[in-house]
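Let us walk through the charged side-chain contacts of this chain, taking each pair in turn and asking where its partners sit.

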Amino acid sequence: MAPIRTRTLEVTIISGEDLSADGRNPATTDMYVVVRTESVKCWSTKMVEQVAESRTSLWNEKLMVEMPCHAKSITLEVKSKTAKGAVRSIGLARIAIWEVLPKQETCSESAVLSYRLRNWEGRRSGVINFSVKPVNKEQEEKGTMVSSCDLKLRDNCGTVIGIPVCWIHPRIVSV
């Protein structure tokens, strides 16, 4: 069986705003972010607490995320540990890969993105601020990950040339 081809992304989790599991009561204890890219692996940030006055949580943490070439979305989920040690989900955002990658593969800068989090009932549960940047091939060859897939979904002018159709439902076949 051939190994799964992957691409390395530098995902920087910056902060969270108004994080609340039920949409009313702010979450304040031991929160962390889990990043997934349609694979078994996941990556987590360190735990932080939400500042009560500003209702903001600051991570400022970079994660080197290995993304399979077939992945069409990235999921960021904020979780917290309760006083009894149980883990609960605050909310998550599932985003199409083509929405978060820079317009050109050669871009060294990445924009700060803000996405609304939703809990499992569909209610608003805060906002997550992050950035995503593909690791360039020179950095990959120096020791991080080996890239063997092309993520180009836009032409040189920034126009979308491919839209993932099946990123929501696994039974829909993309064209």
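A salt bridge is counted here when a side-chain nitrogen of Lys or Arg lies within 4 Å of a carboxyl oxygen of Asp or Glu. The model is a predicted one, and by this rule it holds 6 salt bridges.

A good place to begin is E10, whose side chain meets that of K62 in a salt bridge with an N to O distance of 3.9 Å. This pair links distant parts of the chain, since E10 belongs to strand β1 (residues 6-17) and K62 to strand β4 (residues 56-68), 52 residues apart. E10 is buried, with a relative accessible area of 16%, whereas K62, at 57% relative accessibility, counts as exposed.

E10 also forms a salt bridge with K133, the closest N and O atoms again being 3.9 Å apart. Because K133 lies in strand β8 (residues 124-134) and E10 in strand β1, this pair ties together parts that are 123 residues apart in sequence. K133 is partly exposed, its relative accessible area being 21%.

Another pair consists of K46 and E61, which form a salt bridge whose closest N and O atoms are 3.7 Å apart. Here K46 sits in the loop between β3 (42-44) and β4, while E61 is in strand β4, so that distant parts of the chain, 15 residues apart, are linked. K46 counts as partly exposed at 42% relative accessibility, but E61 is buried, with a relative accessible area of 18%.

Returning to the pairs described earlier, salt bridges that share partners join E10, K62 and K133 into one network.

Definitions and conventions:
Residues are numbered from 1 along each chain as its sequence is written. This is a predicted model: local features need pLDDT of at least 70, side-chain atom pairs count only at pLDDT 80 or more; totals for chains, interfaces and linings use all residues. Side-chain values use heavy atoms; hydrogens and water are left out. Helices (H or I, at least four residues) and strands (E, at least two) are DSSP runs, numbered from the N terminus. Buried means under 20% relative accessible area, exposed over 50%, partly exposed in between (1.4 Å probe, protein chains only).
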